[in-house]
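Student: Please take a close look at chain A of this model. I should like to see its fold, its contact with its neighbour and one residue of its interior treated as a connected picture.

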Amino acid sequence: MPVALTHLDRLEAEAIHIFREVAATFSNPVMLYSIGKDSSVLMHLAMKAFYPAKPPFPFLHVDTTWKFREMIEFRDRMAERLGFDLLVHVNEEGVRDGINPFDHGSNTHTHVMKTVALRQALDKYGFDAAFGGARRDEEKARAKERIFSFRSAGHGWDPKNQRPEMWKIYNTRVAPGESIRVFPLSNWTEQDIWQYILQEDIPIVPLYFAKRRPVVERGGMTIMVDDERMRLQPGETVEERMVRFRTLGCYPLTGAIPSTATTLEEIVGEMLTARTSERQGRLIDRDEAGSMEKKKREGYF
Amino acid sequence: MLTANSAALREDNVVDIRDYVAGQENKGLLRFLTCGSVDDGKSTLIGRLLYDTKLIFEDQLATLERDSKKHGTAGDGIDFALLVDGLEAEREQGITIDVAYRFFATPKRKFIVADTPGHEQYTRNMATGASTADLAIVLVDARQGILPQTRRHSMIASLLGIRHIVLAVNKIDLVDFDRQVFERIAEEYRAFAEDLGFDTIQPIPISARHGDNIIVPSKNTAWYGGPSLIAHLETVDVDARVEDRPFRFPVQYVSRPDLDFRGFSGTVASGRVALGDRVTVAKSGRQSRVKQLVTHGGDLSEAVEGQAVTIVLEDEVELSRGNMLVGTEGRPHVADQFAANLVWFDEKPLLPGRAYILRTETDEVSATVSQLKHRRNINNFAQEAATSLELNEVGVCNFSLQAPIAFDAFSDNRATGAFILIDRLTNATVGAGMILRPLRRAANIHWQALDVTPQARAEIKHQKPAVLWFTGLSGSGKSTIANLLEKKLHASGRHTYILDGDNVRHGLNRDLGFTDEDRVENIRRVAETAKLMADAGLIVLVSFISPFRAERRMARELMNDGEFVEVFVDTPFDECAKRDPKGLYAKALKGEIQNFTGVDSPYEPPERADIHVSTVGRAPEDLVDQVEAWLKERGYC
């Protein structure tokens with residue numbers, strides 16, 4: 001019987017091809033694991049790419065110490081279940097200085113606890129390639145990025161001078177200290193991600209499903225009160241509401257959406273009729289125009 | 001996302017999401033690019049497509065309205081270009097610098113569109129977008145007609161294997177929807193594209209800004225009987241039917257989790273393979289049978305073009321990354337010489353004779369352009385003689401590789417007939433190639449096996465052969481030192497020979513000048529000659545300015561291990577100019593000599609020379625002693 005490949009089959013094959021290219025040509029790759037739905041898909045694809053072997057690289061989580069508690073529980077559960085090598089890096093200087101999203105604002109917090117922390121971890125282990133789950137449909141600056149995206153020795157991205165990327169022939173050569181960020185999900189859309197999770201039954205953090213959760217309204221966003229560090233401002237009250245998350249990050253910076261979707265099918269159904277983009281739930285992308293590009297030039301994923 | 005489909009989904013309250021998703025998945029995918037000259041409206045068209053297919057979210061629309069007021073070029077209206085020009089520099093300058101990929105869908109098809117820049121200097125980014133596309137929308141401003149960039153982009157699209165063109169005659173509203181204007185442009189395009197081998201060319205009059213003929217036929221162009229842009233994109237047949245072609249499986253990665261399992265991972269580039277099929281290793285011709293087609297989701301009985309699988313063979317055959325598994329019929333070429341179309345991407349021009357890294361999908365080998373056959377003129381596609389290719393130029397070249405690779409002609413197979421060139425020093429991607437045909441030279445000229453070996457020739461002379469490569473500025477003292485050293489070596493019974501730059505240019509290299517291309521060829525010939533002499537057992541002293549690292553490296557790689565000794569005769573420019581033994585610096589500084597190293601042609605000093613000789617304040621005899629001591633220590637004399 002002739003095999004007809006579906007759109008998802010082709011996206012999957014492309015991602016697997018990219019994983020194998022990196023494993024075959026770099027000496028010390030790592031996969032950035034951010035625990036979100038895209039990371040879950042990426043991890044699933046990494047398992048597929050090297051089956052029956054395990055992925056020949058470790059997974060790195062850059063922990064800002066402000067992630068939802070359920071994310072950390074999920075991370076540890078997955079590491080144990082799939083048996084991958086999990087590295088967790090925290091910017092200890094940032095912790096010592098007490099950097100947090102309330103006193104220092106989302107910009108400084110993200111820069112110190114995410115961007116700087118990531119650079120620290122990459123330097124510490126000397127990784128020459130790092131997989132990330134970014135997609136081109138997420139954001140305008142990402143839409144411009146190569147699948148194999150070159151980084152200077154200082155981890156900076158030079159968007160005006162990217163290497164040409166022809167066919168499926170990837171230039172994987174770097175000098176010592178330089179590295180490549182690799183994005184196997186470049187050509188996936190948010191819709192593809194959810195449909196793939198549905199098709200493959202991929203485990204995801206329960207925060208994606210609607211549930212009654214304690215939230216406050218702040219700056220036009222619905223913020224979940226995940227632990228006692230959440231400071232209430234005058235006039236704010238905590239209420240229990242049926243909400244879920246479209247995208248996950250640091251809990252004080254991530255907006256929930258009202259929803260009753262408690263199954264994957266319902267999430268996909270809801271997503272098909274969404275009127276806003278997923279990044280609207282991310283405070284950090286809204287700080288200033290071109291903020292994603294700026295962060296990426298500084299070494300952010 | 002609010003596609004036409006999902007709107008229907010909401011209205012009809014369709015509940016079975018899994019069925020709906022399955023339906024979505026069976027839609028075909030079309031990858032296309034938009035190209036053409038600056039300001040022809042490429043980004044605006046894509047913004048319009050996204051907007052009209054309802055793929056712009058409310059928050060994105062709000063941002064767009066805000067940005068349009070700030071940077072927009074559409075007066076009070078929405079500037080759709082701002083949706084895709086995602087880089088700060090692009091928004092500030094109002095131009096597209098790099099390719100952006102956008103995604104949209106209609107009830108009939110999914111689309112990935114590459115919005116590519118129109119400026120000539122960013123042609124390599126246009127090529128990046130074109131390399132993965134099956135169709136190109138070539139935009140033309142109705143007021144401007146066909147421009148040089150229209151031709152260049154059409155030629156590159158053709159070279160990169162694109163067979164379907166939409167000629168979008170944009171801003172038709174600005175010429176009052178004039179039929180004659182449209183038809184004249186369409187006619188002119190058809191005439192010049194005749195030789196470009198496109199299967200379909202569909203001209204459509206559009207206004208990206210106002211939406212004419214984008215989704216539905218426009219009332220303003222009642223005289224136009226063809227499809228709207230979307231209608232054409234939804235139905236055009238670009239299927240290359242790759243599954244009917246011979247089986248090709250470039251090996252990416254050998255999977256060996258334990259001693260019992262040895263699988264070859266890769267993506268089927270064309271054709272199909274089934275369990276039990278007899279397959280051939282392309283480079284060696286060894287055969288085996290497919291024992292297992294492994295995937296994470298379970299073993300397959302058959303794999304087709306586009307599938308990523310791991311193949312286990314019945315026999316233990318020698319096979320690794322860079323090689324290919326192929327069908328027993330319709331084998332690929334295996335050769336170390338071929339002719340190819342080359343697009344040049346780098347500021348520094350292509351230099352025939354210089355060694356680059358050639359990378360196919362999985363293979364990597366050192367390669368030089370042995371001959372630049374001709375350059376293509378982008379205006380009339382005429383073949384022109386050329387000695388190098390500059391940034392964004394296109395030409396046909398003969399390539400010579402250090403080792404054979406397995407390949408097909410690009411016209412037969414886009415995956416196995418393409419390659420990129422990488423600069424060995426900067427690691428930049430400097431060119432993209434499309435293979436035309438193998439050159440039979442390698443097949444007909446075989447190495448003659450010789451009974452007297454280089455080792456035997458050296459032994460009879462009781463010496464270790466070497467190539468002492470003296471590099472440095474003109475007047476640095478290379479020849480003086482080499483000459484004195486040869487005398488000493490000769491006196492102690494060594495068999496030597498000096499290849500001197502000036503002398504060789506009187507004979508072997510009398511046809512070469514001092515341009516960068518000629519300098520590269522000069523060094524290549526000298527290196528080959530030195531190699532023959534080292535094979536004969538001699539100690540060869542090469543005294544050449546040899547200003548470029550790449551060529552000195554090429555010379556090093558040509559010799560056997562340990563044979564090549566780089567001697568950097570280090571004399572500062574001012575000192576050389578002061579000494580000026582041949583009066584050349586005086587002339588060069590007056591501009592009477594062109595391409596003079598150190599004056600208007602660069603010298604790249606060695607980064608790690610084997611011997612570094614600083615001449616200032618030292619007698620030549622001292623310097624010779626330094627070199628000799630080094631050689632003695634390592635058993636050369």
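Tutor: The account below moves from the chain as a whole to its details, and then to the neighbouring chain.

This is a predicted model, in which local features need pLDDT of at least 70 and side-chain atom pairs count only at pLDDT 80 or more, while totals for chains, interfaces and linings use all residues. Residues are numbered from 1 along each chain as its sequence is written, with chains lettered from A and ligands numbered from 1 in the order in which they are written.

Chain A contains eight helices and 10 strands (DSSP runs numbered from the N terminus, H or I of at least four residues for helices and E of at least two for strands). Its radius of gyration is 19 Å, close to the 19 Å that the globule rule gives for 301 residues, so chain A is as compact as a globular protein of that length; the radius is taken over C-alpha atoms, and the rule is 2.2 Å times the number of residues to the power 0.38. The C-alpha trace spans about 55 × 55 × 40 Å along its principal axes. Of the 301 residues, 54% count as buried (20 or more other C-beta atoms within 10 Å of the residue's own, against 12 or fewer for exposed and partly exposed in between, with C-beta atoms placed from the backbone). Among contacts (C-beta atoms, placed from the backbone, within 7 Å) between residues at least 6 apart in sequence, 78% join residues at least 24 apart.

One feature of the fold is a closed barrel of four strands with antiparallel pairing, running S7-S8-S10-S9 in chain A. The twist averages 70° from one strand to the next; axes are lines fitted to C-alpha atoms, and angles run from 0 to 180 degrees between N-to-C directions. Within the barrel, strand S7 (residues 211–218) and strand S8 (residues 221–224) of chain A pair in the antiparallel sense over four bridges, where pairing requires at least two DSSP bridges. A:Val215 of this pair has A:Met224 in S8(A) as its bridge partner.

In the interior, A:Phe301 lies in the segment after helix H8 (291–297) of chain A. A:Phe301 is buried, with 20 other C-beta atoms within 10 Å. Not counting residues up to four places away in sequence, A:Phe301 touches A:Leu32, A:Leu118, A:Gly132, A:Ala134 and A:Arg181. A:Tyr125 is 176 residues from A:Phe301 in sequence and 17 Å from it in space, C-alpha to C-alpha.

The contact with the neighbour takes 56 residues from chain A and 64 residues from chain B. On the side of chain A that touches chain B, helices H1 (7–25), H2 (37–50), H6 (190–200) and H7 (264–272) each supply at least two residues, and H1(A) gives the largest share, 10 residues. That side divides into 25 nonpolar, 15 polar and 16 charged residues (Ala, Val, Leu, Ile, Met, Phe, Trp, Tyr, Cys and Pro count as nonpolar, Asp, Glu, Lys and Arg as charged, and the others, Gly among them, as polar).

H1(A) also figures in the packing. The largest nonpolar core has 237 residues, and those with the most contacts inside it are B:Ala136, B:Ala168, B:Val467 and B:Val542; a core is a set of buried Ala, Val, Leu, Ile, Met, Phe, Trp, Tyr and Cys residues joined through C-beta atoms within 7 Å. H1(A) gives the most to this core, with eight residues.

Methods:
Contact = placed C-beta atoms within 7 Å.
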